[in-house]
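Work through the exercises below with the model open beside you. Try each task before reading its solution.

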Amino acid sequence: MRSRSARWRRWAMSYGLVWFKRDFRLADHGALAAAARRGPVLCVAIVEPALWAQPDAARQHYEFMLESARALHGELRRCGGRLHLLVGEAVEVLDRLHAAAPFAELISHEETGNGASYARDRAVAAWCRTHGVRWQEVAQFGVVRRLADRDRWQAHWEAHVTAPQAVLPEPPALRFAPLPASLHAADAAPWPAPAAIVAARAPEARALGLDPFQPPARQRGGRQAALEVLASFLDGRSAHYRGGISSPLKAPTACSRLSPYLAWGCLSLREVVQVTRARIAALPDGERRRAGLSAFISRLYWHCHFMQKLESEPALEFRNLHRGYDGLREADWKPAHFDALVAGRTGWPLVDACVAMLRATGWVNFRMRAMLVSVAAYALWLHWREVGLWLARAFLDYEPGIHWSQMQMQSGTTGINTTRVYNPIKQARDHDPQGVFVRRWLPALRRVPDTWLFEPWRMPEALQARYGVRVGEDIALPLVDLDLATRSAKARVHALRARPEVRAAKAAIVERHGSRKRPEGRRGRAQVDVAQGAAQLDLGF
């Protein structure tokens, strides 16, 4: 019987290393399909401690990733392969793997991630050049590397989503390379992984320094869970998409709820667009699902539009897109206001109810996300960066390209978007008129009469005593006078925006980041597409 080292001498330099990053599926996996057509493949995912130590990382992201990776491992086992989970910094892991069994090609999907993942990718690219390894990166979304002209971006997006889906070869043409013996863990391990790099099991979240808390009712990862959510949306829930996505009551079922599965690659954007368009074509005119699914397609387009912003300008994660807004809020940081917001103790019931829902589920709909950022940026006058880090950890579906673009847009620092300020009292009356949502997530308000529900601090002390509610204790007092604080904030933003030098810099930002055409035949000016169209988006899907 051949030894494992003999087997590796046979495979050395003849296999492709497929690196799974945020793409935990086999269907329409362009990187794996390309590698498999050329020869044997070794499939790896890497738990990188430095990435999980970033301030935007949360335990719920890690657990969702592991659930998705385990599901992929099961799919690979049925094909005769496996997903090897390695632990360490990417360059370190690649270096040790290459030393044990040299490979000539590394294949992965492109990633538009946070600053740390971008720095990691640059380090990996340098390592590949040094070691003579070809790194092929395959597009996963309608995002274009080194995009030279925004005028042609929509055509790129359409070409990406209409291209044929990647198909894997059938066994025996689909071949898998073994893991080097020097890196192999015990075969009896529940999820075999390289002993020289990691223990047989994936590290616990606490070992990576992640906060032990995670939302108890969050969505679970994996391809099968993703397909079930997609099917339920296409088959029925999409009928309520239009008109339902803005309501915090209706949105949990009216929205597609596919965003975490797209963020972690359990589904490909292409397959979702294609199956949705096929369903639209099969539905009769006037069917409610047809209108809902058409609206959903436009959201998938905007999904990539915002990711392209970060791809083209990675610095927007850290600094204002329009540098003329530097210094607007930085010097006025109010830690007590931020702590109250994170704790859900702002005193505005709809805001605090949304925070409670986030802690329980890891999700709220887009309008409520926009309201949270608006309240933080205007009423509380908090800089978007720290608020954005908190929300990145709170959102299960955190997608850096969408997230940081939206944080700046809702905070008014892009320089090209209409100022949009969401009044949390008006939003409550418009979208939760009976107080069902607020009372569901804030039990103390269940005793408050409708008259005082959205402004409980106005309730007379005699009524507080009658209903057993103590404003300032059971229910927080507002941190600021909402009207005064909002007017002051808007005045400061508009005064800055009116400066000639700030206005002069706007054109270059529109040229670089503005959208030129909407999908499904709808056209509009770049400024309108970005400033007005995005206000109605459900980027939380």
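A polar contact is a pair of N or O atoms within 3.5 Å; within protein, one atom must be able to donate a hydrogen and the other to accept it. The model used here is a predicted one.

**Exercise 1. Find which residue caps the N-terminal end of α19, and describe how the buried residues of this helix are arranged.**

Step 1. Asn 423 is the cap of α19 at the N-terminal end. One of its side-chain oxygens is 2.8 Å from the backbone nitrogen of Ile 425. A polar contact needs a distance within 3.5 Å.

Step 2. Helix α19 spans residues 424–431, and its buried residues are Pro 424, Ile 425, Gln 427, Ala 428 and His 431.

Step 3. Looking down the axis of α19, these buried residues fall within an arc of 165°, so they line one face of the helix.

Step 4. The packing partners of the buried residues of α19 are α15 (349–361), α16 (366–379) and α22 (482–497).

**Exercise 2. State which residues of α14 are buried and which exposed residues its opposite face carries.**

Step 1. Helix α14 covers residues 335–343; His 337, Phe 338, Ala 340 and Leu 341 are buried there.

Step 2. These residues cover an arc of only 160° around the axis, which puts them on the same side of α14.

Step 3. The exposed residues Ala 336 and Ala 343 sit on the face turned away from the buried side of α14.

Step 4. The buried residues of α14 pack against α15, α16 and α17. After α14 comes Gly 344, which has a positive phi, near 70°.

**Exercise 3. How far apart are Val 387 and Phe 338 in sequence and in space?**

Step 1. Val 387 belongs to helix α17, residues 384–394.

Step 2. In sequence, Val 387 and Phe 338 are 49 residues apart; in space, the C-alpha to C-alpha distance is 7.6 Å.

Step 3. Leaving aside residues up to four places away in sequence, Val 387 touches Phe 338, Ala 376, Leu 382 and Met 407.

Step 4. Val 387 has a relative accessible area of 1%. Buried means under 20%, so Val 387 counts as buried.

**Exercise 4. Classify the aromatic pair of Phe 64 and Tyr 261.**

Step 1. The whole structure holds 15 aromatic pairs. In the pair of Phe 64 and Tyr 261, the centres are 5.5 Å apart and the planes are at 50°.

Step 2. Planes under 30 degrees apart count as stacked and over 60 as edge-to-face, with the rest tilted. The pair of Phe 64 and Tyr 261 is therefore tilted.

Step 3. Phe 64 lies in helix α4 (residues 59–78) and Tyr 261 in helix α11 (residues 259–263); the pair links distant parts of the chain, 197 residues apart. Both Phe 64 and Tyr 261 are buried.

**Exercise 5. Which helix gives the most residues to the largest nonpolar core?**

Step 1. The largest nonpolar core has 130 residues. Phe 20, Trp 52, Tyr 62, Met 65, Trp 157, Leu 300 and Leu 391 touch the most other members.

Step 2. Helix α13 (residues 288–312) gives the most to this core, with 11 residues.

Step 3. A second core, separate from it, has 22 residues, among them Leu 106, Val 133, Leu 179 and Leu 183.

Step 4. Trp 157 also belongs to a cluster linked by ring pairs, together with Trp 153, Tyr 301, Trp 302 and Phe 306.

Note on methods: Residues are numbered from 1 along each chain as its sequence is written. This is a predicted model: local features need pLDDT of at least 70, side-chain atom pairs count only at pLDDT 80 or more; totals for chains, interfaces and linings use all residues. Side-chain values use heavy atoms; hydrogens and water are left out. Buried means under 20% relative accessible area, exposed over 50%, partly exposed in between (1.4 Å probe, protein chains only). Helices (H or I, at least four residues) and strands (E, at least two) are DSSP runs, numbered from the N terminus. The arc is that of the directions from the helix axis to the C-beta atoms. Contact means heavy atoms within 4.5 Å. Rings of Phe, Tyr and Trp (its six-membered ring) pair if their centres lie within 6.5 Å; planes under 30 degrees apart count as stacked, over 60 as edge-to-face and the rest as tilted. A nonpolar core is a set of buried Ala, Val, Leu, Ile, Met, Phe, Trp, Tyr and Cys residues joined through side-chain atoms within 4.5 Å.
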